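Please look through the sequence and the 3D structure below. Aromatic rings, a helix and the cysteines are the topics to follow.

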Amino acid sequence: MGAADNGAMHLLVPFASALSEAGRHTLRDLALPHLDRALARLAPTASLGTDEYSLTPPHEAALAAARGWQGGAGTLPFAAHAAQADGIEVLDLAWGLLTPVHWHLGRDQVTLADPDALALDETASRALFEAVRELFESEGFALAWGAPQRWYAAHESLVDLPCASIDRVVGRNVDRWLPEGRPARLLRRLQNEVQMLLYSHPLNDAREAQGALPVNSFWLSGCGRRQDVEGEEPHADTRLRAPLLSEDWAAWAEAWRALDADALAPLADALERGEPASLTLCGERFAQRFELAEGSLWSRLGRRFKHPGPADVLEAL
């Protein structure tokens with residue numbers, strides 16, 4: 001498990017809560033005994049976030065804060081950090097993450113499918129990457145391939161371009177999340193050109209013939225210049241992501257029970273031994289960090305017997 005700055009255990013849980021009535025109902029019926037044990041010994045400290053419409057979701061804001069990064073909503077340099085981890089020489093360039101995606105055209109809106117549903121392998125991803133490369137390079141972008149779902153673009157216009165995290169957009173109407181303003185106009189045009197190019201690409205024809213989703217667009221996010229990471233970051237357990245974004249509440253509940261048993265049990269054990277540990281729970285609006293409760297023996301004992309339950313804590317996120 002990852003460590004915080006002081007060497008203590010720090011667990012970060014994205015997608016720990018949901019705002020939909022179905023999600024809230026699932027939470028109220030969910031037994032999470034090890035989270036309850038942990039909360040009995042923890043006290044809330046830093047809180048991040050505003051609402052469910054911010055470009056940066058709370059789990060990314062919390063991760064950026066743990067890394068010591070500076071930047072506003074939608075302008076945190078996740079792309080440059082990931083590119084460097086993928087072995088790309090990022091230098092002092094401004095990078096953006098280009099995620100190959102499928103846009104689903106509905107009757108009233110265009111929605112973005114979870115990129116994981118594309119099941120892109122390296123061969124297909126590289127072929128599509130090479131197909132769109134010239135469109136970007138002709139406009140002065142530098143492109144680099146990092147992984148099947150991670151393409152990167154570098155350009156000075158990406159220095160402070162606010163972009164929505166793809167975790168905000170999956171399953172939703174893309175229109176409200178597209179970048180705006182003058183720097184975004186070039187990206188909009190490139191998006192249109194990429195869509196036209198990929199529409200008739202033989203690889204997509206083959207994918208559709210096999211019943212797979214075609215790759216028909218890209219999503220830009222995480223723009224900015226690389227920033228140093230200060231200290232060690234928390235361990236992010238992301239197993240709740242896929243079922244929440246697909247609104248599969250039975251699978252989300254099962255994933256929560258597994259996380260409670262696998263990740264929260266050792267954290268609760270450490271707290272009961274008096275070892276310092278941190279927990280950050282992230283919903284759609286807020287990320288709430290919890291630290292080992294301080295104070296008198298009596299106040300700590302009182303908290304063990306009277307503390308907010310998991311459902312109350314999670315619904316507040």
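The paragraphs below go through these topics in turn.

The model shown here is predicted. Its structure holds five aromatic pairs. One of them joins phenylalanine 136 and phenylalanine 218, whose rings meet edge-to-face, with 5.5 Å from centre to centre and 65 degrees between the planes. Phenylalanine 136 belongs to helix α5 (residues 122-137) and phenylalanine 218 to strand β8 (residues 217-225), so this pair ties together parts that are 82 residues apart in sequence. Phenylalanine 136 has a relative accessibility of 1% and therefore counts as buried. Phenylalanine 218, at 3% relative accessibility, counts as buried too. Phe136 and Phe218 also belong to one aromatic cluster, together with Phe141.

Another aromatic pair consists of tryptophan 249 and tryptophan 252, again edge-to-face, at 5.4 Å centre to centre and 80 degrees between the planes. Where do these two tryptophans lie? Both are in helix α10 (residues 249-272), three residues apart, which is about one turn of the helix. Tryptophan 249 counts as buried because its relative accessibility is 16%, and the cut-off for buried is under 20%. Tryptophan 252 is buried as well, with a relative accessible area of 0%.

Helix α10 can be followed further along the chain. At leucine 264 the helix bends by about 45 degrees, and proline 266 follows within four residues. After α10 comes glycine 274, which has a positive phi, near 85 degrees.

Two other tryptophans have an arginine over the ring. Arginine 126 lies over the face of tryptophan 145, 3.8 Å from the ring centre. Likewise, arginine 176 lies over the face of tryptophan 177, at a distance of 5.3 Å from the ring centre.

The cysteines come last. A disulfide is a covalent bond between the sulfur atoms of two cysteines. How many disulfides does a search of the whole structure find? The search finds zero. Why does cysteine 163 have no such bond to cysteine 223? The sulfur of cysteine 223 is the closest cysteine sulfur to that of cysteine 163, but the distance is 3.9 Å, which is too far for a bond. The cut-off for a disulfide is a pair of sulfur atoms within 2.5 Å. Cysteine 163 counts as buried, since its relative accessibility is 3%. Cysteine 282 is also buried, with a relative accessible area of 0%.

Definitions and conventions: Residues numbered from 1 in each chain as written. Predicted model: local features only at pLDDT ≥ 70, side-chain atom pairs only at ≥ 80, totals over all residues. Heavy atoms only, no water. Phe/Tyr/Trp six-rings, centres within 6.5 Å; stacked < 30°, edge-to-face > 60°. Buried < 20%, exposed > 50% of the residue type's maximum accessible area, 1.4 Å probe, protein only. Lys NZ or Arg CZ within 6 Å of the ring centre and 35° of its normal. Bend = angle between axes of the 7 residues up to and from the residue.
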